[in-house]
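This report describes one protein together with its ligand. It proceeds from a single side chain to the overall fold, the ligand site, the aromatic pairs and selected long-range contacts.

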Amino acid sequence: MDTQRLIPTPEEVGLFYDRMGEVLAPLLGGTIHYGYWLGPDDNSSFAEAAERLTDVMIEKLDVGPGKLVLDLGCGMGKPAVRLARETGAMIIGISVSANDVEKANELARSEGLTDLVSFQRADAMDLPFPAESFDAVWALESMLHMPDRQHVLRQVSRVLRPGGQLVLSDIFQRMPVSEESWPVLDHLLATWKVTSLADLDDYPRMVRAADLETRQLINVSEHTKYSFARMAEVFREAAPRPAARMEFMNNAVGSWQPQAETAKVGYLIMVANRMESGTLA
Ligand code: SAH
């Protein structure tokens with residue numbers, strides 16, 4: 001369900017990551033996404049849980065050497081580098097943040113992986129790639145910033161070869177939110193430049209309307225629900241560090257306090273394939 005907030009543009013999202021990427025990534029273990037915990041007794045650090053989520057997403061991708069993957073919303077490149085190492089596939093990562101792209105390319109160089117991994121600035125709403133040019137598209141926690149999920153899915157479908165695979169993760173509205181609760185949730189979403197929460201039940205319809213076929217749609221909220229509390233801990237511990245002493249931190253940690261609200265935001269993983277005979281290409 002869309003809320004009444006002003007929807008951030010891709011440019012604004014890019015500027016947000018230009019400004020925040022280098023503050024957030026070191027605190028969160030190099031990636032900028034939720035973590036994946038095995039249960040309430042899982043004492044993994046945020047970084048370990050974040051890496052586990054990357055691995056869960058890698059396991060869903062059916063690619064290997066000689067395949068080309070588009071990493072849609074690549075952040076600072078850590079997930080793509082891990083994906084290349086694990087699978088041997090070639091990866092082109094895109095982000096609307098110029099700083100993301102610079103840092104991600106630096107990481108690929110320092111890891112000696114420039115033959116497999118490269119990054120460029122591009123908007124998922126308007127992909128600058130020819131039709132049917134990728135074997136797979138991987139969108140690890142980036143759809144939530146995009147103004148129109150349906151439009152992005154059509155873009156993805158266009159650049160996928162017939163039969164090509166899409167693996168994405170996204171956040172969705174997990175339970176009804178009362179009228180008086182929306183301002184708190186809105187504040188949380190606005191702080192993170194999230195355009196809207198997805199509708200889990202509506203995903204298969206959106207996917208089909210883009211000539212893609214849903215293979216798996218998994219609600220992993222029970223594994224990700226610890227993220228906000230753990231992230232708040234990481235931020236509190238880091239507060240004395242100068243880089244962390246930013247107005248954003250206070251704002252964001254403030255948003256995390258109402259834990260009851262954050263439980264309303266679920267997390268999904270979706271796997272789909274481009275239909276063999278689509279109409280979009
Ligand atoms: N996948 C990375 C980063 C997730 S943060 C990781 O897991 O670490 C979200 C990323 O999506 C950021 O890099 C942001 O710049 C990118 N993004 C958001 N909107 C985008 C858009 N319209 N087009 C391309 N990238 C976008």
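## Asn 273 in strand 7

Which backbone oxygen does the side chain of Asn 273 reach? In this predicted model, that side chain reaches the backbone oxygen of Gly 164, at 3.4 Å. Asn 273 belongs to strand 7, which covers residues 265-274.

Asn 273 counts as buried because its relative accessibility is 15%, and the limit for a buried residue is under 20%. Not counting residues up to four places away in sequence, Asn 273 touches Gly 163, Gly 164 and Gln 165, and also Asp 211, Leu 212, Glu 213 and Arg 215.

## Overall architecture

The protein contains 11 helices and 7 strands. Of its 281 residues, 56% are buried. The protein exposes about 12000 Å², and carbon and sulfur atoms supply 51% of that area.

Contacts between distant parts of the chain can also be described. Among contacts between residues at least 6 apart in sequence, 79% join residues at least 24 apart.

## Helix 4 and its surroundings

Helix 4 comprises 13 residues, 98-110. From its first C-alpha to its last it reaches 18 Å, close to the 18 Å expected at 1.5 Å a residue. Just after helix 4, Gly 112 adopts a positive phi of about 65 degrees.

The buried residues of this helix are Asn 99, Asp 100, Val 101, Ala 104, Asn 105 and Ala 108. The elements that cover them include helix 1 (10-28), strand 2 (90-95) and strand 3 (117-121). One of these buried residues, Asp 100, also appears among the residues that come nearest to the ligand.

## The ligand site

There are 21 residues around the ligand, of which His 33, Gly 73, Asp 100, Asp 123 and Ala 124 come nearest. An N or O atom in the side chain of Asp 100 is 2.5 Å from an oxygen atom of the ligand.

Backbone atoms also take part in polar contacts with the ligand. A polar backbone atom of Ala 124 is 2.8 Å from a nitrogen atom of the ligand, and a polar backbone atom of Leu 140 is 2.9 Å from a nitrogen atom of the ligand. On its own the ligand has 570 Å² of accessible area, and the protein covers 100% of it.

## Aromatic pairs

A search of the whole structure finds 7 aromatic pairs. In one of them, the rings of Phe 16 and Tyr 17 have their centres 5.1 Å apart and their planes at 85 degrees, so the pair is edge-to-face. Phe 16 is buried, with a relative accessible area of 5%, and Tyr 17 is buried as well, at 12%. Ring pairs link Phe 16 and Tyr 17 with Trp 192 into a cluster.

The rings of Trp 37 and Phe 46 form another edge-to-face pair, because their planes lie at 70 degrees, with the centres 5.6 Å apart. Trp 37 and Phe 46 are both buried.

## Arg 230 and the segment around Ser 44

Where does Arg 230 lie? Arg 230 is found in helix 9, residues 227-238, and it is buried, with a relative accessible area of 16%. Arg 230 and Ser 44 are 186 residues apart along the chain, yet their C-alpha atoms are separated by 9.9 Å.

Leaving aside neighbours within four places in sequence, Arg 230 is in contact with Trp 37, Pro 40, Asp 42, Asn 43, Ser 44 and Phe 46. A polar atom of the Arg 230 side chain lies 3.0 Å from the backbone oxygen of Asp 42. The backbone oxygen of Ser 44 lies 3.2 Å from a polar atom of the same side chain, that of Arg 230.

## Lys 193 in a loop

Lys 193 occupies the loop between helix 6 (182-191) and helix 7 (203-209). With 26% relative accessibility, Lys 193 counts as partly exposed. The C-alpha atoms of Lys 193 and Leu 6 are separated by 9.8 Å, although these residues are 187 residues apart along the chain.

Beyond its neighbours within four places in sequence, Lys 193 is in contact with Pro 8, Glu 12, Val 13, Phe 16, Leu 144 and His 145. Among these partners is Phe 16, a member of the aromatic cluster with Tyr 17 and Trp 192.

Key: Residues numbered from 1 in each chain as written. Predicted model: local features only at pLDDT ≥ 70, side-chain atom pairs only at ≥ 80, totals over all residues. Heavy atoms only, no water. Helix = DSSP H or I, 4+ residues; strand = E, 2+ residues; numbered from the N terminus. Expected span 1.5 Å × (residues − 1). Buried < 20%, exposed > 50% of the residue type's maximum accessible area, 1.4 Å probe, protein only. Contact = heavy atoms within 4.5 Å. Near = heavy atom within 4 Å. Polar contact = N/O pair within 3.5 Å; in protein donor to acceptor, adjacent residues only side chain to side chain. Areas by Shrake-Rupley, 256 points an atom, 1.4 Å probe, with all protein chains shown as cover. Phe/Tyr/Trp six-rings, centres within 6.5 Å; stacked < 30°, edge-to-face > 60°.
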